[in-house]
Amino acid sequence: MSMLVMTGTGTGVGKTISTAAIAALAAGQGQRVAVLKPAQTGVGPDEPGDLADVLRLAGPVTTRELRRYPDPLSPEAAARLSGLPTLAPSEIAAAASDLNGEHDLTLIEGAGGLLVRFDADGATLADVAWSLGALVIIVAEAGLGTLNATALTAEVATKRGLTVAGVIIGSWPDEPDLAAVSNLADLPVAAGAPLLGVLPAGLGTAGPEEFADRARAGLSPWFGGEFDPECFVGRASAQK
């Protein structure tokens, strides 16, 4: 059994798509996969959230959501504004452990970045990862500004005793600029961990079969994919 904590360098970096891509490859290999979303914010009670996208793209994997808050804020702020209960790391860890006992792979998708607060005591996804002993995957942006955000995330993770397994670029543009191409070599340095994938922008609009094919092409063999960072860097650099 294994657990991966999926965190982003910010909001909208492709974290859910990256989670779904890893889930799709694992499920396609016959693994029992679970995806846990501890806190979903910015979505009403009857609206589809991130886990609906995971199911649409990855197929029938197990999903579990622990809290849902209507306002598009951090879980702590959204809970405070709505008057709904906050979420403790112990509850998240217990749910993840339960899922992990019945699945080959459990993916825990955070809300925003590693230090986004769940409650007034300052509990974060980093606390959850530490309590579970889970590896951390950083999902980063492609372009300008991503190196600092990635380095900060990795440094905090390391100082808190976490292991960053690698970094994934969650949305690679159709026409990458110089910064994006340069960052392909620099992101692993910033993360202190290998580049484990580059997923194309707009991948979330693909059907399940196309999604699985493109996820396989964009993710490392570590996930069951075919992504070769050196070949990708060479192709991207040749286009500039």
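**Notes on the predicted model, starting from Thr41**

1. A good place to start is Thr41, which touches Tyr69, Asp71, Leu73, Ser74, Pro75 and Ala78 once residues up to four places away in sequence are left out. Please keep in mind throughout that this is a predicted model. Thr41 sits in strand S2, which covers residues 33-41. The UniProt record, an unreviewed entry, lists Thr41 under "binding site", and such annotations may be inferred rather than shown by experiment.

2. Now to the chain as a whole. The protein chain holds nine helices and seven strands. Its radius of gyration is 17 Å, which agrees with the value near 18 Å that a compact globule of 240 residues would have. If you want a frame for your own setup, the C-alpha atoms fill a box of roughly 55 × 35 × 30 Å along the principal axes.

3. On burial and surface: 52% of the 240 residues count as buried. The accessible surface of the protein chain is about 10400 Å², and carbon and sulfur atoms account for 52% of that area.

4. How are the contacts spread along the sequence? Taking contacts between residues at least 6 apart in sequence, 76% join residues at least 24 apart.

5. A word on charges, which may interest you. The protein chain carries 15 positive and 27 negative charges, and the mean positions of these two groups are 2 Å apart.

6. Is Thr106 buried or exposed? Thr106 counts as buried because its relative accessibility is 0%, and a residue needs to be under 20% for that label. Thr106 belongs to strand S4, residues 105-109. Apart from neighbours within four places in sequence, Thr106 is in contact with Ser2, Met3, Leu4, Ala34, Ala96, Leu99 and Asn100.

7. Ala154 is a helical case: this residue is found in helix H6, residues 146-159. Ala154 is buried, since its relative accessible area is 5%. Leaving out residues up to four places away in sequence, Ala154 touches Ile138, Val164, Ala190 and Ala191. Ile137 is 17 residues from Ala154 in sequence, and their C-alpha atoms are 9.7 Å apart.

8. Where does Asp174 lie? Asp174 is in the loop between strand S6 (164-172) and helix H7 (178-191). With a relative accessible area of 72%, Asp174 is exposed, because the label applies over 50%. From Asp174 to Gly197 there are 23 residues in sequence and 16 Å in space, C-alpha to C-alpha.

9. Lastly, Pro229, which is found in helix H9, residues 229-238. Pro229 has a relative accessibility of 31% and so counts as partly exposed, a class that lies between the 20% and 50% cut-offs. Gly218 is 11 residues away from Pro229 in sequence, and the C-alpha to C-alpha distance is 9.5 Å.

Note on methods:
Residues numbered from 1 in each chain as written. Predicted model: local features only at pLDDT ≥ 70, side-chain atom pairs only at ≥ 80, totals over all residues. Heavy atoms only, no water. Helix = DSSP H or I, 4+ residues; strand = E, 2+ residues; numbered from the N terminus. Rg over C-alpha atoms; globule rule 2.2 N^0.38 Å. Buried < 20%, exposed > 50% of the residue type's maximum accessible area, 1.4 Å probe, protein only. Contact = heavy atoms within 4.5 Å. Areas by Shrake-Rupley, 256 points an atom, 1.4 Å probe, with all protein chains shown as cover. Lys, Arg positive; Asp, Glu negative; His and termini not counted. Charge placed at Lys NZ, Arg CZ, Asp CG, Glu CD.
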